[in-house]
Amino acid sequence: MREMGARDKLRAYFLAHLGEVLETKTLQEVAGISEWARRVRELRNEEGYQILTHNDRSDLKPGQYLLVNPKPQPAFAREISKETRAYVLDRNGYTCQMCGAVAGEPHPYDASRMTRLHIGHIVDKSMGGTDDPANLRALCSVCNEGAANLTLDRPSYEKLLIQVRRATGADQLKVLEWLANKFNK
């Protein structure tokens with residue numbers, strides 16, 4: 001009988017502890033090798049297991065992992081080049097395209113953490129989307145967590161203007177200041 005490899009051991013351990021927060025030290029011991037983190041990435045990227053980290057959920061600390069679903073999702077290559085990532089972030093003004101949160105500033109819906117941006121697909125790869133920059137947008141971690149194959153329409157100019165007009169004069173001035181800073185005018 002063949003001995004289980006590190007990836008097999010980690011998969012079995014995650015499945016046996018579904019929904020439990022697992023620590024780095026424990027996973028390292030289970031795998032029994034120094035390259036255990038690579039095996040976790042392989043479970044995520046190649047096999048499609050939804051193993052979450054602090055990059056995915058704000059309630060997880062660095063070094064904590066959580067498997068939320070025993071059934072792997074279809075695994076797609078999700079490698080977006082550094083150049084494409086930089087282009088999309090710059091094009092989107094380092095701003096979440098769903099909620100408007102700005103990278104590095106306190107998040108407007110969760111001020112306890114700083115805004116971290118991810119690159120998200122407008123049409124998800126599981127629905128035929130591509131990694132072309134036209135199909136990519138900047139999303140904060142809060143919006144990206146709940147986005148799973150959800151695409152919200154951007155407000156039209158008219159709807160946006162209506163919302164600005166409904167705001168108080170002080171808030172309208174803040175919008176004006178923000179736009180002037182964004183476009184350096």
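Isoleucine 33 sits in the loop between H2 and H3. In this predicted model, isoleucine 33 has 31% relative accessibility and therefore counts as partly exposed. The chain around this loop has 185 residues, of which 27% count as buried. The points below go from the loop to the helices beside it, then to the cores and the chain as a whole.

**Isoleucine 33**

- Leaving aside neighbours within four places in sequence, the contacts of isoleucine 33 are Ala6, Gln28 and Arg39.
- Alanine 6 lies 27 residues from isoleucine 33 along the chain, yet their C-alpha atoms are separated by 7.1 Å.
- Ala6 is also one of the buried residues of H1, and Ala6 takes part in the contact of H1 with H3 as well as in that of H1 with H2.

**Helix H1 and its buried face**

- H1 spans residues 6-16, and its buried residues are Ala6, Asp8, Leu10 and Phe14.
- These buried residues pack against two helices, H2 and H3, and against the strands S1 (21-23), S2 (51-52) and S3.

**H1 against H3**

- The axes of H1 and H3 come within 9 Å and cross at roughly 65°.
- That angle makes H1 roughly perpendicular to H3, and the crossing is right-handed.
- From H1, the residues in this contact are Ala6, Arg7, Leu10, Arg11 and Phe14; from H3, they are Trp36, Arg39, Val40, Glu42 and Leu43.
- By class, the residues of the H1 and H3 contact are six nonpolar, no polar and four charged.
- Arg39 of H3 belongs to this contact and also touches isoleucine 33.

**H1 against H2**

- The axes of H1 and H2 come within 8 Å, with a crossing angle of roughly 130°.
- H1 is therefore oblique to H2, and H1 passes H2 in a right-handed crossing.
- H1 contributes Ala6, Lys9, Leu10, Tyr13 and Phe14, while H2 contributes Thr26, Leu27, Val30 and Ala31.
- The residues of the H1 and H2 contact divide into seven nonpolar, one polar and one charged.

**Nonpolar cores**

- In soluble globular proteins, nonpolar side chains tend to be buried together.
- How many residues form the largest nonpolar core? This core has 14 residues, and those with the most contacts inside it are Leu10, Phe14, Leu27, Val40, Ile51 and Tyr65.
- Two or more residues of this core come from each of helix H1 (6-16), helix H2 (24-31), helix H3 (36-45) and strand S3 (64-67).
- Apart from this core lies another, of 11 residues, including Leu89, Cys96, Ala101 and Leu136.
- Which residues does tyrosine 65 touch, not counting residues up to four places away in sequence? Tyrosine 65 touches Phe14, Glu20, Val21, Leu22, Thr24, Leu27, Trp36, Val40, Ile51, Leu52 and Thr53.
- Among these partners of tyrosine 65 are Phe14, Leu27, Val40 and Ile51, which are also listed with the most contacts inside the largest core.
- Leu10 and Phe14 of H1 recur in the contact with H3, in the contact with H2 and in the list of residues with the most contacts inside the largest core.

**The whole chain**

- There are seven helices and five strands in the chain.
- Along the sequence, these elements follow the pattern α-β-α-α-β-β-α-β-β-α-α-α.
- Of the contacts between residues at least 6 apart in sequence, 50% join residues at least 24 apart.

Conventions: Residues are numbered from 1 along each chain as its sequence is written. This is a predicted model: local features need pLDDT of at least 70, side-chain atom pairs count only at pLDDT 80 or more; totals for chains, interfaces and linings use all residues. Side-chain values use heavy atoms; hydrogens and water are left out. A nonpolar core is a set of buried Ala, Val, Leu, Ile, Met, Phe, Trp, Tyr and Cys residues joined through side-chain atoms within 4.5 Å. Buried means under 20% relative accessible area, exposed over 50%, partly exposed in between (1.4 Å probe, protein chains only). Helices (H or I, at least four residues) and strands (E, at least two) are DSSP runs, numbered from the N terminus. Contact means heavy atoms within 4.5 Å. Axes are lines fitted to C-alpha atoms, for helices over the stretch in contact, and angles run from 0 to 180 degrees between N-to-C directions. Angles under 35 degrees count as roughly parallel, over 145 as roughly antiparallel, 65 to 115 as roughly perpendicular and the rest as oblique. A crossing is left-handed if the near helix is turned anticlockwise from the far one by less than a right angle, and right-handed if clockwise. Ala, Val, Leu, Ile, Met, Phe, Trp, Tyr, Cys and Pro count as nonpolar, Asp, Glu, Lys and Arg as charged, and the others, Gly among them, as polar.
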